[in-house]
Amino acid sequence: MRTIIVGDIHGCYRQFITLLRKVHYKKNKDKLILLGDLMDRGPSSYEMLQWAIKWKEENKDHFFMIRGNHEQMIVEQSKELERRLIWRAVGKTATIRSFTKHKEHMEDYIPWILEHMPIYHIEDNFQCVHAAIQEEDFEKNSLDLLVKDHSWSKKNCYSGKLTIIGHTPLEAPTYYDGSQSPGILLPYHEWKKLPEKGALCLDTGCVYGRKLTAMVIEEDRYFLEYVPGVMYTDGSSEKYIKYIKKFCTFLKKLQQTIQIR
């Protein structure tokens, strides 16, 4: 049985379906794992979630998803101004628009996300988490690290059981061997031996007009396939996050000053 792992989709439903066809995905025969961030930014978050719901019902033992930071934001529904502004900056509006078009609300799917999108997934020869990992035992890592962290994986310090991640959009799939050196860019369309240790990032920025990448695993080897992405966001939202944090920090200090007076 093959295992097919797909990086961050972000509402790019058409590209996702095209990629499955390209790797000749076979329902109820191949195992399919999605690395989270099914929604936000792209135009078809509703369609992507409905496909996932249907597929989970029909392929319970062959289809798995882990929770990304964008699903986590839906689950949390934070009241904090900073988190609300950041979510708006990184694609919430596109998801609201997608659900509203079908006269539905994304908040209604929170119970389903909690039940069917765990924080991590473990297989015999590898494991999956959305963002990053520091300790091989998932329980020894913070939720923020596993779901939201952008910096740790690039430090290349992890050398535990092979962990396949997404979250950080890169120019190409990248392997981190734990040596603290720069990551190793991986080629497409070549069978390679599956590493036993380290981290392998599959997020190649589909929603930034780069690629949507799939990793196809057969026993102890793998190859990488992709379809072209579509530019739905230019990445400027990541810059806005810094200003949002500075602005919210300023507001907190101002509030503290007023309270003291």
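**Helix α1, the cores and the salt bridges**

In this predicted model, the buried residues of helix α1 pack against the strands β1 (3-6), β2 (31-34), β11 (211-218) and β12 (221-228), and against helix α2. Helix α1 spans residues 13-22, and its buried residues are Gln-15, Phe-16, Ile-17, Leu-19 and Leu-20. An α-helix has 3.6 residues a turn, so residues three or four places apart point the same way. Just after α1, His-24 takes a positive phi of about 55°.

Phe-16 also leads into the nonpolar interior. The largest nonpolar core has 40 residues, and Phe-16 is among those with the most contacts inside it, along with Val-6, Leu-32, Leu-34 and Trp-51. Helix α2 (residues 45-58) supplies the largest share of this core, seven residues. In soluble globular proteins, nonpolar side chains tend to be buried together.

Leu-34 shows what such a position looks like in detail. Leaving aside residues up to four places away in sequence, Leu-34 touches Val-6, Ile-9, Phe-16, Met-48, Phe-63, Phe-64, Met-65 and Ile-66. A second core, separate from the largest one, has 18 residues, including Ile-33, Leu-186, Leu-202 and Met-215.

The charged side chains come next. The structure holds ten salt bridges. In one of them, Glu-225 pairs with Lys-22, with 3.6 Å between the closest N and O atoms. Glu-225 lies in strand β12 and Lys-22 in helix α1, so this salt bridge ties together parts that are 203 residues apart in sequence. The partners sit in unlike surroundings: Glu-225 has a relative accessible area of 8% and is therefore buried, whereas Lys-22, at 38%, is partly exposed.

Two further salt bridges involve Lys-192 and Lys-193. Lys-192 meets Glu-190 with an N to O distance of 3.4 Å. Lys-192 counts as partly exposed because its relative accessibility is 33%, and Glu-190 counts as partly exposed at 38%. Lys-193 meets Asp-220, here with an N to O distance of 3.8 Å. Lys-193 belongs to strand β9 (residues 192-193) and Asp-220 to the loop between β11 and β12, so that this pair links distant parts of the chain, 27 residues apart. Asp-220 is partly exposed, with 44% relative accessibility, while Lys-193 is exposed, at 58%.

Elsewhere, salt bridges join into a network that links Glu-76, Asp-144 and Lys-148.

Terms used. Residues numbered from 1 in each chain as written. Predicted model: local features only at pLDDT ≥ 70, side-chain atom pairs only at ≥ 80, totals over all residues. Heavy atoms only, no water. Core = buried A, V, L, I, M, F, W, Y, C linked by side-chain atoms within 4.5 Å. Buried < 20%, exposed > 50% of the residue type's maximum accessible area, 1.4 Å probe, protein only. Helix = DSSP H or I, 4+ residues; strand = E, 2+ residues; numbered from the N terminus. Contact = heavy atoms within 4.5 Å. Salt bridge = Lys/Arg side-chain N within 4 Å of Asp/Glu carboxyl O.
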